[in-house]
Amino acid sequence: MEQIKPAEKIVPRPGDVLLVVDVQYDFLPGGALGVARGDEIIPALNRCMALFSAKKLAVYASRDWHPPDHISFHAQGGPWPPHCVANTHGAAFSPELKLPPGTAVINKADTREREAYSVFGGTDLDRRLKQAGVRRIFIGGLATDYCVLNTAKDAHALGYDYFVLTDAVRAVDVKPGDGERALEEMRRLGAHLIVSGALSE
Ligand code: VGL
Ligand code: ZN
């Protein structure tokens, strides 16, 4: 996989935001829809959040926020076991995730009838980012092959420049290789695939 090497520094600047996708108990090992090694991304995300926060740049954190009878759950004929039910333990952010004060929390897929893997899906994220003059989005979180992929596709369609932090994402991999294929698809759509260590003060 082609990546910008850490030696090529990228300095976050006004117009940049960090988007941390769905780092919730249910997507972490032991959770209802646990992503293997999902917990390994937290230190890298914490470093990125600290960097953006120190530069007074916005951090957004999304959460999958489903009603108990969401259409994506098996009982409704959907593909997933129940997960991230709003206001339950499973839907909470990992306490190891050091969200800076003022982090903007975006709930998604929070109505029964609607699935949304993208953080842009059915939320006001695009309006808020455009209003703030945001041009570049740095994306990390879970899962590479669902919410990260679909968020990146929408970022592309909505005209943003976007970066995927390859060491700060992990895949569900329902089929082995789904995560790698998702990264490849994002790269084809113009995503800059970088390691989080490339971000510099
Ligand atoms: C997700 C599966 C079901 C995700 C959400 O956040 O990637 N995956 N719901
Ligand atoms: Zn979900």
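Buried here means under 20% relative accessible area. The legends below describe close-up views of a predicted model.

**View 1. The zinc ion (ligand 2) and its coordinating residues.** D64, H66 and H83 coordinate the zinc ion (ligand 2), D64 through OD and the two histidines through NE2. The distances run from 2.0 to 2.2 Å. Along the chain, the donors follow the spacing D-x1-H-x16-H. H66 and H83 each sit in the loop between β2 (58-64) and β3 (104-108), 17 residues apart, and the pair links distant parts of the chain. The site has 4 donor atoms, with angles of 86 to 167 degrees among them, and is irregular.

**View 2. The two zinc-binding histidines, H66 and H83.** H83 has a relative accessible area of 3%, so H83 is buried. H66 is buried too, because its relative accessibility is 0%.

**View 3. A network around D64.** D64 also takes part in a network of salt bridges. Its partners there are D22 and K108.

**View 4. D145 in helix α3.** Helix α3 spans residues 144-157 and includes D145. D145 is buried yet has no salt bridge. The nearest side chain of opposite charge belongs to R181, 7.8 Å away. A salt bridge needs a nitrogen and a carboxyl oxygen within 4 Å. The D145 side chain instead reaches the backbone nitrogen of D173, at 2.7 Å. Leaving aside residues up to four places away in sequence, D145 touches A171, V172, D173, V174, D178, G179 and A182.

**View 5. Salt bridge between R170 and E40.** Side chains of opposite charge can pair when their charged atoms come close. In the bridge of R170 with E40, the closest N and O atoms are 2.8 Å apart. R170 lies in strand β5 (residues 161-170) and E40 in the loop between β1 (16-21) and α1 (42-54), so the bridge ties together parts 130 residues apart in sequence. R170 is buried, at 16% relative accessible area. E40 is partly exposed, at 39%.

**View 6. Two salt bridges in helix α4.** The structure as a whole holds 12 salt bridges. In helix α4 (residues 178-188), D178 and R181 lie 3 residues apart, about one turn of the helix. Their side chains meet at 2.8 Å, N to O. D178 is buried, with a relative accessible area of 15%, whereas R181 is partly exposed at 46%. E184 and R187 also lie in helix α4, 3 residues apart. Their salt bridge is 2.6 Å, N to O. E184 is partly exposed at 29%, and R187 is partly exposed at 30%.

Technical notes
Residues are numbered from 1 along each chain as its sequence is written. Chains are lettered from A and ligands numbered from 1 in the order in which they are written. This is a predicted model: local features need pLDDT of at least 70, side-chain atom pairs count only at pLDDT 80 or more; totals for chains, interfaces and linings use all residues. Side-chain values use heavy atoms; hydrogens and water are left out. Donors are N, O and S atoms within 2.8 Å of the metal (3.2 Å for Na, K and Ca); water is not among the atoms, so sites may look incomplete. Four donors count as tetrahedral if all angles lie between 85 and 135 degrees; four count as square planar and six as octahedral if opposite donors are over 155 degrees apart and all others between 65 and 115; anything else is irregular. Helices (H or I, at least four residues) and strands (E, at least two) are DSSP runs, numbered from the N terminus. Buried means under 20% relative accessible area, exposed over 50%, partly exposed in between (1.4 Å probe, protein chains only). Lys and Arg count as positive and Asp and Glu as negative; His and the chain ends are not counted. A polar contact is a pair of N or O atoms within 3.5 Å; within protein, one must be able to donate a hydrogen and the other to accept it, and residues adjacent in sequence count only if both atoms are side-chain atoms. Contact means heavy atoms within 4.5 Å.
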